[in-house]
Amino acid sequence: MPFGEMSILIHDVHYILRLPVDGALLRYDSPQPEALKADMCGLIRVGDLEGAVGGKWSTIWYMNGGMHGEGALFRAGELQIKEVEVQCYLFLLLGSTLFVDKSRDRIRPAVNLYLKKYHDVAGYAWGVGTLAYLYRQLGVASRAGGKGVCGYLTLLQAWIYEYFPDFRPNRVQQHSPADPRASLWVCSRLKGRDDAKERLVRYRSILDGMSADDVTWTPYGGHAGVEVMRSLYNGVIRFADVAEGYDPSRCLRQYGYRQAIPRPMMIPDDHFRPASAKDYNVTWFPGYDQFWTMWESNRWAFDAFFTPCERPSDVDEGFMDWYRAHSHPLITSPSVTRQIPRELVSCFTL
């Protein structure tokens, strides 16, 4: 943003989705694709059918690295085995919501790794896995060759509504504090046939013209770091083979603190972020996963290091100079006029 960094944080996932953010990381030791395929085909017993592996049944159930979600659930119903039905239902549910990709009706087989013992499903930090996967997909979508975005976009959309009042739709009349805040909003389609490219230009101009005073920095109150302690974690978060760095000290104002110049970022062991979204890859050393297990030793104590802010625009001296030197505060080229009347903002819904 023009005034500093913002991000979706662990406490945002907790309040917006009410998914568990405490528990075991969704990690694995990178099994080979053929092993994942055999595991999924074995679950729904298609290996007992003629030509299941490498033949026509393989194409029907498993193609391009993904399992047909609804097909797997239908097959489970045919088998009438309770454990298989539960596992396939969860596989379809999670794969078509939290971990969506661009394969249309196919679901990543990695989801199944955490469902084999369905009594253990509640022990995983599903919210953290959802955030790691969305981080990765936002990174992929930012490439010049990116043509879309995946992940649980309900989280991204509701996060925008929480922090940017100018983009909010109407709110529901009744809402329990225990409900996911994603259900607060009543979204509707845009009226008319507005040109998508023109609307994109407007949104970019509006975002470039925003100041810190246009943001609701602590939409859940000023104690998010106390109520959701895992949000102060500093390390790597993960879903399967997707791992992303997580450092809340880069977004201190979202916790009610004055933004300071952050320390150097964590560096992955290997990273390749070309213009092509297809070749995007970031790899972290598996030992970083231990940070999550020992999270109490790997979390920030904000009170000891930072100062509570009195105004949203409060930043440490020199921060904005550092920020402009290390980031791209504006989306639109300075040569393009960015003056969009504020009253136009309310005419559109993301």
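Helix H6 supplies five residues to the lining of the second largest pocket, the largest share that comes from any element. This pocket belongs to a predicted model, and its volume is about 930 Å³. Among the 37 residues that line the second largest pocket, those closest to its centre are Arg108, Arg136, Gln137, Asp241 and Val242. Besides H6, the elements that give two or more residues to this lining are helix H2 (33–43), strand E8 (242–246) and strand E10 (281–283). When the lining of the second largest pocket is sorted by class, it has 18 nonpolar, nine polar and ten charged residues. As for how such a space is found in general, rolling a probe the size of a water molecule over the atoms shows where empty space is left.

Helix H6 appears again when one turns from the pocket to the nonpolar interior. The largest nonpolar core has 84 residues, and Phe99, Trp126, Phe164 and Tyr246 are the ones with the most contacts inside it. To this core helix H6, which covers residues 126–141, gives the most, namely seven residues. Apart from it lies another core, of seven residues, which includes Val140, Val236, Ala243 and Tyr280. Tyr246, already named for its contacts inside the largest core, is a good residue to follow by eye. If its neighbours within four places in sequence are left aside, Tyr246 is in contact with Leu9, Ile10, Leu131, Tyr135, Ser231, Tyr233, Asn234, Gly235, Ile237 and Tyr255.

One of these partners, Asn234, leads to the next part of the structure. Asn234 is found in the loop between helix H9 (224–227) and strand E7 (235–240). Is this loop residue buried or exposed? Asn234 counts as buried, because its relative accessibility is 10% and the limit for that word is under 20%. Not counting residues up to four places away in sequence, Asn234 touches Tyr246, Asp247, Arg263, Met266, Phe291, Asn298, Arg299 and Trp300.

Asn298, which is in that list, also sits in a loop, in this case the one between H10 and helix H11 (302–305). With 18% relative accessibility, Asn298 counts as buried. Residues up to four places away in sequence being set aside, Asn298 touches Leu232, Tyr233, Asn234 and Phe291. Asn298 and Arg230 are separated by 68 residues in sequence, while their C-alpha atoms are 10.0 Å apart in space. In helix H10 (residues 289–293) one finds Asp289, which is buried with a relative accessible area of 7%. Beyond its neighbours within four places in sequence, Asp289 is in contact with Leu25, Arg27 and Arg238.

Tyr323 offers a further case of residues that are far separated in the numbering, for Tyr323 and Pro2 are 321 residues apart in sequence and 9.3 Å apart in space, from C-alpha to C-alpha. Tyr323 lies in helix H12 (residues 319–326) and counts as buried at 3% relative accessibility. Leaving out residues up to four places away in sequence, Tyr323 touches Met1, Pro2, Phe3, Gly4, Glu5 and Pro329. For the protein chain as a whole, residues 24 or more positions apart account for 74% of the contacts with a separation of 6 or more. The chain has 350 residues, of which 44% count as buried, and its secondary structure comes to twelve helices and ten strands.

Two residues deserve attention for their backbone angles. Most residues other than glycine have a negative phi. Gln80, however, has a positive phi near 55 degrees, and Ala240 has a positive phi of about 55 degrees. Their surroundings can be set side by side: Gln80 is in the loop between helix H4 (69–79) and helix H5 (82–95) and is exposed, with a relative accessible area of 67%, whereas Ala240 lies in strand E7 and is buried, with a relative accessible area of 0%.

Finally, the confidence of the prediction should be kept in mind. The mean pLDDT of the protein chain is 84, and 89% of its residues reach 70 or more. Over residues 48–57, however, the pLDDT is below 50, and this stretch has twelve contacts in the model beyond near neighbours in sequence. Over residues 340–350 the pLDDT is also below 50, and there the model has 28 contacts beyond near neighbours in sequence. Where pLDDT is low, the predicted coordinates should not be read in detail.

Conventions: Residues numbered from 1 in each chain as written. Predicted model: local features only at pLDDT ≥ 70, side-chain atom pairs only at ≥ 80, totals over all residues. Heavy atoms only, no water. pLDDT = per-residue confidence, 0-100. Contact = heavy atoms within 4.5 Å. Helix = DSSP H or I, 4+ residues; strand = E, 2+ residues; numbered from the N terminus. Buried < 20%, exposed > 50% of the residue type's maximum accessible area, 1.4 Å probe, protein only. Core = buried A, V, L, I, M, F, W, Y, C linked by side-chain atoms within 4.5 Å. 1 Å grid on protein atoms, 1.4 Å probe; cavity = no way out; pocket = protein on both sides within 12 Å on 5 of 7 lines; lining within 4 Å. Points joined across faces, edges and corners; volume = space filled by probe spheres on them. Nonpolar A, V, L, I, M, F, W, Y, C, P; charged D, E, K, R; others polar.
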